[in-house]
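Me: Please take a close look at one part of this model, namely the surroundings of the residue that forms its salt bridge. I should like the criteria behind each term to be stated as well.

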Amino acid sequence: MDNAVLVCNEEGLISGMEPNRVIHGNLYVGPLFIIGDGDDGNFRSLTDAQTRQYLAEFQSPELFDQQDADEDMGSGMSGINGL
């Protein structure tokens with residue numbers, strides 16, 4: 001999307017981690033972070049504009065119940081996903 005990636009534990013669902021947030025229709029569990037993706041394939045810092053964007057987008061926590069997590073057990077998450 002904008003040279004940023006989301007990094008999470010790809011085994012979070014099977015490890016029983018708590019739901020964190022739904023992004024682009026995928027449920028992510030456990031801790032996660034967003035980092036810049038440089039043109040050379042290495043991680044980099046987010047730009048100031050990206051930082052403002054993601055702080056605004058993820059400012060409020062999402063509330064989940066166990067049924068939400070159970071329904072998404074087969075959502076096919078990967079460990080690093082482009083945003």
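Reply: The protein chain contains 2 helices and 6 strands, where helices (H or I, at least four residues) and strands (E, at least two) are DSSP runs numbered from the N terminus. Read from the N terminus, the order of elements is β-β-β-β-β-α-α-β. This is a predicted model, in which local features need pLDDT of at least 70 and side-chain atom pairs count only at pLDDT 80 or more, while totals for chains, interfaces and linings use all residues. Residues are numbered from 1 along each chain as its sequence is written, and side-chain values use heavy atoms, with hydrogens and water left out.

Confidence comes before detail. The mean pLDDT (the predictor's confidence in each residue, from 0 to 100) of the protein chain is 81, and 76% of the residues reach 70 or more. Among the elements, strand S5 (residues 43–44) has the highest mean pLDDT, 95, and strand S6 (residues 80–82) the lowest, 47. Over residues 75–81 the pLDDT stays under 50, and for this stretch the model has 20 contacts beyond four places in sequence; a contact means heavy atoms within 4.5 Å.

The part requested centres on Arg-21, which lies in strand S2. Strand S2 (residues 19–23) pairs with strand S3 (residues 26–29) in the antiparallel sense over 4 bridges, pairing being assigned if DSSP finds at least two bridges between two strands. Within this pair, Arg-21 stands opposite Tyr-28 of S3. The hairpin formed by S2 and S3 has 2 residues between the strands, and His-24 takes a positive phi near 50° there.

The structure holds 1 salt bridge, defined as a side-chain nitrogen of Lys or Arg within 4 Å of a carboxyl oxygen of Asp or Glu. Arg-21 forms this salt bridge with Glu-62, and their closest N and O atoms are 3.4 Å apart. The pair links distant parts of the chain, since Arg-21 belongs to strand S2 and Glu-62 to the loop between helix H1 (48–57) and helix H2 (66–71), 41 residues apart. Side chains of opposite charge can pair when their charged atoms come close. As to accessibility, Arg-21 counts as buried because its relative accessibility is 7%, whereas Glu-62, at 30%, counts as partly exposed. Buried here means under 20% relative accessible area, exposed over 50%, and partly exposed in between (1.4 Å probe, protein chains only).

The side chain of Arg-21 also reaches the backbone oxygen of Ser-60 at 3.0 Å. The side chains of Arg-21 and Glu-62 are in turn joined by a polar contact of 3.4 Å. A polar contact is a pair of N or O atoms within 3.5 Å; within protein, one must be able to donate a hydrogen and the other to accept it, and residues adjacent in sequence count only if both atoms are side-chain atoms. Not counting residues up to four places away in sequence, Arg-21 touches Asn-26, Leu-27, Tyr-28, Glu-57, Phe-58, Ser-60, Pro-61, Glu-62 and Phe-64.

For the wider setting, buried residues make up 28% of the 83 residues in the protein chain. Of the contacts between residues at least 6 apart in sequence, 68% join residues at least 24 apart.
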